[in-house]
Amino acid sequence: MSNAVIPFLILVIVLSGLFSRLKVFELFTKGVKEGLVTVFNLFPVLLGLFLAVTLLRASGLIGCISYLVEPFLSFLNIPKELVGIIALKPISGSASLAIATDIINEYDAKSLISFIAAIIMGSTETMVYSISVYSGNIKKKMSYKVLILAFLGNIIAVYLSAFFGRLFF
């Protein structure tokens, strides 16, 4: 049944367009052209983000960040093993997912660290990516105020993830 949902929706859209006497294929190709323009406008931003994430992971900078923020994390009662997710989730969902998978494999899926990692993955946003795509799409420079507020929101989400993770584990 679920395999038929998307073809059914496409059929409904095409039929409603035909009943409304719209040129469905012409509108479709116009939408594709607009979509391609958006992709081409976003490509430099996405390429820069992917390059930055790759360099961050390959350079070992996460280990240095982990060492520097360990006192702060221990004060907030957040396991230091989660630094990779905390550092990369605002930048890249796929990189943080790879780190979360490594954590789950290393510490077992039923561990407190894996539980908190899963909560962080579900409650934080890839804010730099989202802001970059949004600002790249509207051709407006990224505001530092938006970045600061989004970063603050992610910090609060990480803290609450650890708090509620320990509470409900």
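**Pocket and helix-packing exercises**

Helices α3 (61-75), α4 (83-88), α7 (127-137) and α8 (144-168) each put at least two residues into the lining of the largest pocket. The model is predicted, so to speak a computed guess: local features need pLDDT of at least 70 and side-chain atom pairs 80 or more, while totals for chains, interfaces and linings use all residues. Numbering starts from 1 along each chain as its sequence is written, and side-chain values use heavy atoms, with hydrogens and water left out.

**Exercise 1.** Work out which helix gives the most to the lining of the largest pocket, and what classes of residue line it.

*Step 1.* Start with the space: the largest pocket holds about 380 Å³. Of its 22 lining residues, Ile86, Ala87, Phe151, Ile155 and Val158 are the closest to the centre. (A pocket is an open set of 1 Å grid points where a 1.4 Å probe fits, with protein on both sides within 12 Å along at least five of seven lines; lining residues have an atom within 4 Å of a point.)

*Step 2.* Now go helix by helix (DSSP H or I runs of at least four residues): α8 comes out on top, with five residues.

*Step 3.* Sort by class, and the lining has 19 nonpolar, two polar (Gly counts here) and one charged residues.

**Exercise 2.** Describe how α5 packs on α6.

*Step 1.* Take α5 (residues 93-107) and α6 (residues 112-123): their angle is about 165° and their axes, fitted to C-alpha atoms, are 9 Å apart. That makes α5 roughly antiparallel (over 145 degrees) to α6.

*Step 2.* List the contacts (heavy atoms within 4.5 Å): Gly93, Ser96, Leu97, Ala100, Ile103, Ile104 and Tyr107 of α5 meet Ile113, Ser114, Ala117 and Met121 of α6. This set splits into eight nonpolar, three polar and no charged residues.

**Exercise 3.** Do the same job for α6 and α8.

*Step 1.* Here the angle is about 140°, with the axes 9 Å apart. That makes α6 oblique (35 to 65 or 115 to 145 degrees) to α8.

*Step 2.* On the α6 side, the contact includes Phe115, Ile119 and Ser123; on the α8 side, Val158, Arg166 and Phe168 are among the residues met. By class, that contact has nine nonpolar, three polar and one charged residues.

How values were computed:
Points joined across faces, edges and corners; volume = space filled by probe spheres on them. Axes fitted to C-alpha atoms, helices over the stretch in contact; angles between N-to-C directions.
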